[in-house]
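Please open the model in your viewer and keep the selection panel at hand. The tour proceeds from enclosed space to open space, and then to the ligand.

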Amino acid sequence: MTVYSTVDVSPLFAPLAVRGRILRCRVVLPPMVQLRPITSAAGIDWYRARAAGGAGLVIVEATAVNRFGTELHADNLRPLVDAIHEGGALAAIQLFPVTFDFPRTEAPPAPADLSIDDIAGIVDEYQRAAAICVAAGFDGVEPHGAHGYLLNQFFSPGQNERTDLYGGPQVNRERFALQIVQVLRPLRDKGLLLLYRHTPIGNGYGIEDSRIFLEHLVQAGVDILDISPASDKQPGDRAAPFTGIGVPVIAVNHMDEVDRAVEVLHEGRADLIAVGRGLIADPEWPRKVREGRFEEIIHCERCNEGCFGHLKKGIPVVCTEWRDL
Ligand SMILES: Cc1cc2nc3c(=O)[nH]c(=O)nc-3n(C[C@H](O)[C@H](O)[C@H](O)COP(=O)(O)O)c2cc1C
């Protein structure tokens, strides 16, 4: 399929300043596990290509906080950050609270499985991981609070069965995420941007509950809200209710439909758009859109074979649209 656009695409390429950092455009690479180690040549090349293709912000995939300080440290992460910067993008990384394996070898912990000490330990791991990210040169870190994973489960009444300070009323279900943001906050003084990824409608909560939570996250220090609906059936425009909170908001889901992405920005339903599978298919999507080379775009056809399919099998993510496969 060829993508055409008849609209003025310039809103996609307006720079955005966030606390002194300049994103050269409004296109974000959302975090996507791609199953090449992020410190390997292949992993670095994956991100280098997507930064060089014109994205304004590259968010490196979900990475478990317990890997920092041992397997991941400033020296072996720096080449990844440098590759992203050389491509002209800002570099952020998504931080996952517990071990994150594809394919999953064991069931991940649920809120009820964690002791108070376990929670405090994860908060400490976030602090250590983020400090290493600063030392490696990252511009931002993003706790993964979306998609029904642990932090999202803590927030979700339908998945949080705790009866202590971390369960029950919303103020308690927000606590884990807020504690993480609070320990990361001092790193903002070193220039680090704090992002937070959240799913706006989930198990037992809706948009209004999310709005209250996101306001609290912003008060605690979050600089960019990354709103991910978590389902292909939900529109990326779910970001809209949160644009009034006072920080830039990222919308994601099918934003590689150019006219729609422009409309979302134009109507103020988001400040940034993330293109996931579209940037797996074609890392040069931003540049080709900017230059009007729509017929040259390798378009994601939503077959989900090379991306989600490969994730399930535990093999490196590719795109079935690539001609040399
Ligand atoms: C292969 C693959 C891996 C993904 N890994 C992550 C991840 O690590 N963290 C995350 O929050 N979302 C992850 N996602 C979701 C994407 O960030 C994005 O929200 C989703 O693909 C919808 O955007 P799209 O319609 O532009 O593809 C992943 C998606 C794909 C296809």
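What volume does the largest cavity have? The answer, in this predicted model, is about 90 Å³. The count of cavities of 30 Å³ or more comes to one.

**Stop 1: the cavity.** Select Cys300, Cys303, Cys307, Cys319 and Thr320; of the 15 residues that line the largest cavity, these are the closest to its centre. Next, colour α9 (277–281) and α11 (305–313), each of which supplies at least two residues of this lining. By class, the lining of the largest cavity comprises seven nonpolar, three polar and five charged residues.

**Stop 2: the largest pocket.** Keep α9 and α11 coloured, since they also serve at this stop: they are the elements that give two or more residues to the lining of the largest pocket, whose space amounts to about 780 Å³. The most comes from α11, with four residues. Now select Pro31, Met32, His147, Arg197 and Phe308, which lie nearest the centre of the largest pocket among its 33 lining residues. Colouring the lining by class gives 18 nonpolar, nine polar and six charged residues.

**Stop 3: the ligand.** Where does the ligand sit? Display the ligand, and the space it takes proves to be the largest pocket. Select the residues around the ligand: there are 21, and the closest are Pro31, Gln94, Arg197, Gly276 and Arg277. Within this shell, α11 provides the largest share, three residues. The shell divides into 11 nonpolar, seven polar and three charged residues.

Three polar contacts may then be inspected in turn.

- Valine 33: a polar backbone atom of this residue is 3.0 Å from a nitrogen atom of the ligand.
- Glutamine 94: an N or O atom in its side chain is 2.7 Å from a nitrogen atom of the ligand.
- Histidine 144: a polar side-chain atom lies 3.1 Å from an oxygen atom of the ligand.

With these contacts displayed, consider the ligand surface: taken alone, the ligand exposes 610 Å², and the protein buries 95% of that.

**Stop 4: the second largest pocket.** Finally, move to the second largest pocket, which holds about 260 Å³ of space. Which residues are the closest to its centre? Select Leu35, Glu61, Ala62, Arg67 and Phe100, the closest of the 15 residues that line the second largest pocket. The lining here consists of eight nonpolar, three polar and four charged residues.

Technical notes: Residues numbered from 1 in each chain as written. Predicted model: local features only at pLDDT ≥ 70, side-chain atom pairs only at ≥ 80, totals over all residues. Heavy atoms only, no water. 1 Å grid on protein atoms, 1.4 Å probe; cavity = no way out; pocket = protein on both sides within 12 Å on 5 of 7 lines; lining within 4 Å. Points joined across faces, edges and corners; volume = space filled by probe spheres on them. Nonpolar A, V, L, I, M, F, W, Y, C, P; charged D, E, K, R; others polar. Near = heavy atom within 4 Å. Polar contact = N/O pair within 3.5 Å; in protein donor to acceptor, adjacent residues only side chain to side chain. Areas by Shrake-Rupley, 256 points an atom, 1.4 Å probe, with all protein chains shown as cover. Sits in = over half its atoms within 2 Å of the grid points.
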